[in-house]
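Hi everyone, thanks for coming. I'd like to walk you through a few spots in a structure that is new to most of you, so have a look at it first.

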Amino acid sequence: MGEEGTGGTVHLLCLAASSGVPLFCRSSRGGAPARQQLPFSVIGSLNGVHMFGQNLEVQLSSARTENTTVVLLVGLEELTNIRNVERLKKDLRASYCLIDSFLGDSELIGDLTQCVDCVISPEGSLLQEALSGFAEAAGTAFVSLVVSGRVVAATEGWWRLGTPEAVLLPWLVGSLPPQTARDYPVYLPHGSPTVPHRLLTLTLLPSLELCLLCGPSPPLSQLYPQLLERWWQPLLDPLRACLPLGPRALPSGFPLHTDILGLLLLHLELKRCLFTVEPLGDKEPSPEQRRRLLRNFYTLVTSTHFPPEPGPPEKTEDEVYQAQLPRACYLVLGTEEPGTGVRLVALQLGLRRLLLLLSPQSPTHGLRSLATHTLHALTPLL
């Protein structure tokens, strides 16, 4: 259950469905973790409403007042058949970093798009070759190189992970406190919801980590430091070049129009995306505002103009084809006069969808042309 108050505080509350015992409550205010917790009386009231509806075979999805929204989320069946509440509460603590990152003002967008946040390295082919060799030596098909929660390179096996695993694993790594190496048990929601896998992480440079998904072997001691030094010590310079890619996503010097304040590029079939609000240095609005604008615009165009995934037109019962889907749309916040307000434009061509946040100087009559040129320039990258 989540509650959002007037002060911008968001609460995520998880209750045992049968008993109403609180399992955890995580709070965020202004994009940062908050100490303010829901009063027990509020928790009891929310559970009472839920139980009342359940007895009447009514599914409570949300409740609203003038300044508060309460949402009920249904979890896995295992969480509704709890044998030991205290043990479950202890086990759930391992998820707090991940949960807090979803409540906060994340620089990632995979939670919304269900696409893997990626970055493009200028030495991508070299890193990919080293990654494949390292994976073979380590004895696992599931290896990726992650910078600040974004995938730089990955093996074919890693890319074959389904949604939401492919989105959640790099996000989890980016949410954890820095550590030289980890051996972390993870359950895969689709691939293995009941038997844990081992997520091994090895830090190459600050915020740059190798991630391996494996079974009982190999032991962490086999990878660190022997295999690590053999495969990655010769590539220190290409690895250092990955560090600025966290917030920028694109290689330094990549040609982008100076009006672009942020962009989101999605490959709808591969389920990968590039997302940045810092392509060309500091300008207004702030990076946090830019992320919010692009996230809201993505929600708008996906729900009203573009379907979540591309597909051929479907026939109705009368064998009449649906109206052709739009290929582009734009939104102006403020007036359309040059120099005022920001512009947002979305363009879909084939399997790719591009959203741009543009400065007030960008004329509205040139938005589609600019978006088309930018999409063609980005297409070889994703």
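**A strand, two loops and a helix pair**

Let's begin with a pair of residues: aspartate 117 sits opposite cysteine 273, and that cysteine belongs to strand S14. Before I go on, keep in mind that this is a predicted model.

So, who are the partners of S14? On one side of the story there's strand S7, residues 116–118, which pairs with S14 in the parallel sense over three bridges. Then there's strand S13, residues 260–267, which runs antiparallel to S14 and is joined to it by five bridges. Cysteine 273 turns up again here, with leucine 266 standing opposite. S13 and S14 form a hairpin with four residues between the strands, and in that hairpin lysine 271 takes a positive phi near 60°.

Now, is S14 buried or exposed? Five of the five residues in S14, 272–276, are buried, so the strand is largely enclosed by the rest of the structure. Both faces are covered, too: Arg272, Leu274 and Thr276 are buried on one side, and Cys273 and Phe275 are buried on the other.

Okay, over to the helices. H3 and helix H7, residues 165–175, pack with their axes 9 Å apart, at an angle of about 100°. That makes H3 roughly perpendicular to H7. From H3 the contact uses Cys97, Leu98, Ser101 and Phe102, and from H7 it uses Leu168, Trp171, Leu172 and Ser175. Sort the residues of that contact by type and you get six nonpolar, two polar and no charged.

Staying with H3, look at the loop between that helix and helix H4, where you'll find serine 106. Its relative accessibility is 18%, so serine 106 counts as buried, the cut-off being under 20%. A polar atom of the serine 106 side chain lies 3.0 Å from the backbone nitrogen of leucine 108. Setting aside neighbours within four places in sequence, serine 106 touches Ser101, Trp171 and Arg291.

One last stop: which loop holds proline 218? That's the loop between strand S12 and helix H8. At 4% relative accessibility, proline 218 counts as buried. Again leaving out neighbours within four places in sequence, proline 218 is in contact with Ala138, Arg198, Leu200 and Leu223. And here's one to find on the screen: the C-alpha atoms of proline 218 and threonine 140 are 8.4 Å apart, while the two residues are 78 residues apart along the chain.

That's my tour, thanks for listening.

How values were computed. Residues are numbered from 1 along each chain as its sequence is written. This is a predicted model: local features need pLDDT of at least 70, side-chain atom pairs count only at pLDDT 80 or more; totals for chains, interfaces and linings use all residues. Side-chain values use heavy atoms; hydrogens and water are left out. Buried means under 20% relative accessible area, exposed over 50%, partly exposed in between (1.4 Å probe, protein chains only). Two strands pair if DSSP finds at least two bridges between them. A polar contact is a pair of N or O atoms within 3.5 Å; within protein, one must be able to donate a hydrogen and the other to accept it, and residues adjacent in sequence count only if both atoms are side-chain atoms. Contact means heavy atoms within 4.5 Å. Axes are lines fitted to C-alpha atoms, for helices over the stretch in contact, and angles run from 0 to 180 degrees between N-to-C directions. Angles under 35 degrees count as roughly parallel, over 145 as roughly antiparallel, 65 to 115 as roughly perpendicular and the rest as oblique. Ala, Val, Leu, Ile, Met, Phe, Trp, Tyr, Cys and Pro count as nonpolar, Asp, Glu, Lys and Arg as charged, and the others, Gly among them, as polar.
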